[in-house]
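Colleague: I am new to this structure and should like to learn how to read it. Could we take one feature at a time, with the general idea before the particular case?

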Amino acid sequence: MAIGNTASQHFVDLYYLALDRHRETLASFYIPQATMCGDKRLLSISFNGNQIPNGPALQKMFEDQMPQSHHEVQCYDCHVVNPNYVADGAEAWPAKTGKNMTILVAVSGYVKYGNTKEAKTRGFSESFLLVPNPVAAASKQRLKNVKEWLIQTQNFRIVV
């Protein structure tokens with residue numbers, strides 16, 4: 001479970017920094033659009049009840065339609081969902097490496113959209129299912145600038 005905790009903390013730190021300051025990198029947090037299971041797309045993104053087709057579309061929405069944001073994560077929790085997941089193109093690793101697990105991450109906190117004094121601070125709740133990045137999982141060593149975990153499923157809600 002320590003691997004899940006470390007991976008979740010690292011992911012949360014990087015993801016919300018990207019949302020607030022580096023939106024041009026958002027698409028890199030998601031599994032590739034081509035990842036399929038039969039005819040079913042594996043990637044699922046819901047933003048306040050609106051389905052977003054993929055990571056690049058979410059990035060474009062934040063770059064083009066959303067005002068600047070400031071996220072303040074209050075807490076997060078993680079749970080290993082599947083300890084035996086093997087990413088396409090990767091080999092099964094010993095369980096102690098943590099390269100074969102999927103992780104559910106639940107996050108809550110506050111977000112402010114806009115830079116004005118009138119911008120309202122709102123609560124948010126978000127959940128992610130993280131899967132191993134096949135590029136990182138296939139490597140015997142840590143790769144620079146390659147995320148170890150990618151988002152397969154995401155659900156964001158503003159809390160009233």
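Modeller: Let us begin with a cavity and the elements around it. Helix 1, helix 2 and strand 8 each supply at least two residues of the lining of the largest cavity. Please keep in mind that this is a predicted model.

Colleague: Which residues line the largest cavity?

Modeller: A lining is read as a list of residues, and then by class. Here the list consists of Tyr 15, Leu 19, Phe 47, Leu 58, Phe 62, His 71, Tyr 113, Glu 126, Gln 154 and Phe 156. By class, seven of the lining residues are nonpolar, two are polar and one is charged.

Colleague: What is the volume of the largest cavity, and how many cavities of 30 Å³ or more are counted?

Modeller: The volume of the largest cavity is about 40 Å³. The count of cavities of 30 Å³ or more comes to one.

Colleague: How many helices and strands does the protein have, and in what order do the elements run?

Modeller: One reads such an inventory from the N terminus. The protein has three helices and eight strands, and its elements run α-β-β-β-β-α-β-β-β-α-β. Of its 160 residues, 39% count as buried. Among the contacts with a separation of 6 or more, 64% are between residues 24 or more positions apart.

Colleague: What is the order of the strands in the open sheet?

Modeller: The order of strands in a sheet is read across the sheet, from one edge to the other. In this open sheet of six strands the order is 4-3-8-7-6-5, and the pairing is mixed. The edge strands, strand 4 (50–52) and strand 5 (69–82), each pair on one side only. From one strand to the next, the twist averages 25°.

Colleague: Which helix packs on the sheet, and which strands are touched?

Modeller: Helix 1 (residues 2–21) packs on the sheet and touches strand 5, strand 6, strand 7 (121–132) and strand 8 (149–159). The direction of helix 1 makes about 150° with that of strand 5. Helix 2 (residues 55–64), for its part, lies across strand 3 (44–47) and strand 4, at about 25° to strand 3.

Colleague: How should one read the pairing of neighbouring strands, and in which sense do strand 3 and strand 8 pair?

Modeller: One considers the sense of each pair and the number of bridges. Strand 3 and strand 8 pair in the parallel sense, over four bridges. Strand 5 and strand 6 (residues 102–113) run antiparallel and are joined by twelve bridges. Strand 6 and strand 7 are antiparallel over ten bridges, with Ile 103 and Leu 130 as bridge partners. Strand 7 and strand 8 are likewise antiparallel, over ten bridges.

Colleague: Is Thr 153 buried, partly exposed or exposed?

Modeller: The general idea is that side chains in a regular strand alternate between the two faces of the sheet. As for Thr 153, this residue is in strand 8. Thr 153 counts as partly exposed because its relative accessible area is 29%, between the cut-offs of 20% and 50%. Thr 153 is the bridge partner of Leu 129 and also of Ser 44. Neighbours within four places aside, Thr 153 is in contact with Leu 42, Ser 44, Ser 127, Phe 128 and Leu 129. Ser 127 is 26 residues from Thr 153 in sequence, and their C-alpha atoms are 8.0 Å apart.

Colleague: Which residue stands opposite His 70 in strand 6?

Modeller: Residues distant along the chain can be compared by their C-alpha atoms. His 70 lies in strand 5 and stands opposite Lys 112. These two residues are 42 apart along the chain, with their C-alpha atoms separated by 5.2 Å. Apart from residues up to four places away, His 70 touches Asp 20, Tyr 110, Val 111 and Lys 112. His 70 counts as partly exposed, at 47% relative accessibility.

Colleague: Where does Asn 48 lie, and what is the value of its phi?

Modeller: Asn 48 lies in the loop between strand 3 and strand 4. Its phi is near 50°, a positive value in a residue other than glycine. The hairpin of these strands has two residues between them. Strand 3 and strand 4 pair in the antiparallel sense over three bridges, and Phe 47 stands opposite Asn 50. At 29% relative accessibility, Asn 48 counts as partly exposed.

How values were computed. Residues numbered from 1 in each chain as written. Predicted model: local features only at pLDDT ≥ 70, side-chain atom pairs only at ≥ 80, totals over all residues. Heavy atoms only, no water. Pairing = 2+ DSSP bridges. Axes fitted to C-alpha atoms, helices over the stretch in contact; angles between N-to-C directions. Contact = heavy atoms within 4.5 Å. 1 Å grid on protein atoms, 1.4 Å probe; cavity = no way out; pocket = protein on both sides within 12 Å on 5 of 7 lines; lining within 4 Å. Points joined across faces, edges and corners; volume = space filled by probe spheres on them. Nonpolar A, V, L, I, M, F, W, Y, C, P; charged D, E, K, R; others polar. Buried < 20%, exposed > 50% of the residue type's maximum accessible area, 1.4 Å probe, protein only.
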